[in-house]
Amino acid sequence: MKENVIKSRILTACIALPLLIAFILWAPPWGFFCLTYAVAGWALYEYYAMALAAGRSMEKYLGIVAGIGLMVPLVLGHYAVFVGCLIASVFLFACVFLFRHGAIDKVSGQLALLLFGFIYISIPLAHLALLRSQPHGIQWVLLVLMMVMLNDTCAYFTGTFFGRRKLYPSVSPKKSVEGAIGGLGGSVLAAGLAHLTFAPWAALVPLLLLGLVVGVIAELGDLFESLLKRSFGVKDSGTLIPGHGGILDRLDSLMFAFPLTYYFILIFQV
């Protein structure tokens, strides 16, 4: 069974990864932004399918529309409009739950979970589009993907061959301390390789520092999504990607890496 999963993952990666890289390299900005909105919409769909009760279909789809809508002013840099839309969304769902409350003892939890989707998915993924709009934006997006993917790959193989001590068994029983260290090494290695290849304008030391911090953030993001799935009683967020689960399962390590890299560029002027 494990070998079948590994083969499925490799096959999916061999097909999807070249297509993703080609899209990032050659898609026009508007196409990239549309893909970002589509990915965010599907991630919200998976999240709400896990988080909200079966009778909350209307709230799920309203949440997806509102979540994507909130990204637009943020991506365009209209921050006052974004805050206004966020307040309007909170008021909208306050009214929805007021008049469709169902089991009253569940209202506060369900409403909080719905609104949390905006913070967990919509706002971080808006920073993917913001990162793409920066100078050398294509290279920055590729760098984040490379750091996270090498983190995941190195963590897997280091943990498989050398893992002895459990990292956080109550949340993710299979992860090891050795695997986590290997993953950090993978992220730093990716940053160094980027400096030598497609990102020579960026100084090496800041890039290595970014690789280390992104490595930590990626692993924390993975653990956090595992925590959410355990709390919801599911193994995967969905079945969209063969061998990998849902799209949220692939985004968990990236979710906080995009905002981190965006603000790293702004602060350090890399």
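## Strand pairing, helix packing and a few loop residues

Me: Which residue in strand 2 is the bridge partner of lysine 166?

Reply: Serine 176 is the bridge partner of lysine 166. This is a predicted model, in which local features need pLDDT of at least 70, side-chain atom pairs count only at pLDDT 80 or more, and totals for chains, interfaces and linings use all residues. Residues are numbered from 1 along each chain as its sequence is written, and side-chain values use heavy atoms, with hydrogens and water left out.

Me: How many bridges join strand 1 to strand 2, and how do the strands run?

Reply: Two bridges join strand 1 to strand 2 (residues 172-176), and the strands run antiparallel. Strands pair if DSSP finds at least two bridges between them. Strands (E, at least two residues) and helices (H or I, at least four) are DSSP runs, numbered from the N terminus.

Me: What do the two strands form, and how many residues sit between them?

Reply: A hairpin, with three residues between strand 1 and strand 2.

Me: Where is glycine 163?

Reply: Glycine 163 lies in the loop between helix 6 and strand 1 (166-168). Its relative accessible area is 24%, so glycine 163 is partly exposed. Buried is under 20%, exposed is over 50%, and partly exposed is in between (1.4 Å probe, protein chains only).

Me: What is glycine 163 in contact with, leaving aside neighbours within four places in sequence?

Reply: With Thr158, Ser176 and Glu178, once neighbours within four places in sequence are left aside. Contact means heavy atoms within 4.5 Å.

Me: On to packing. How do helix 6 and helix 7 cross?

Reply: The axes of helix 6 (residues 137-162) and helix 7 (residues 177-196) come within 6 Å and cross at roughly 145 degrees. Axes are lines fitted to C-alpha atoms, for helices over the stretch in contact, and angles run from 0 to 180 degrees between N-to-C directions. The crossing of helix 6 and helix 7 is right-handed: the near helix is turned clockwise from the far one by less than a right angle, whereas anticlockwise would be left-handed.

Me: Which residues meet there?

Reply: From helix 6, they include Met146, Met147, Leu150 and Cys154, and from helix 7, they include Gly182, Gly183, Gly186 and Ala190. The residues of this contact divide into twelve nonpolar, eight polar and one charged. Ala, Val, Leu, Ile, Met, Phe, Trp, Tyr, Cys and Pro count as nonpolar, Asp, Glu, Lys and Arg as charged, and the others, Gly among them, as polar.

Me: And helix 8 with helix 10, what angle and axis distance?

Reply: Helix 8 (residues 204-232) and helix 10 (residues 257-268) pack at about 155 degrees, with their axes 10 Å apart. The two are therefore roughly antiparallel; that label needs an angle over 145 degrees, with under 35 roughly parallel, 65 to 115 roughly perpendicular and the rest oblique. In helix 8, Pro206, Leu209, Leu210, Val213, Val214 and Ile217 meet Ala257, Leu260, Thr261 and Phe264 of helix 10. That contact divides into nine nonpolar, one polar and no charged.

Me: Arginine 56, buried or exposed?

Reply: Arginine 56 counts as buried, because its relative accessibility is 9%. Arginine 56 is in the loop between helix 2 (29-51) and helix 3 (57-76). Leaving aside neighbours within four places in sequence, arginine 56 is in contact with Phe97, Arg100, His101, Gly102, Val107 and Gln110.

Me: What is phi of histidine 136?

Reply: Near 60 degrees, a positive value in a residue other than glycine. Most residues other than glycine have a negative phi. Histidine 136 is in the loop between helix 5 (104-132) and helix 6.
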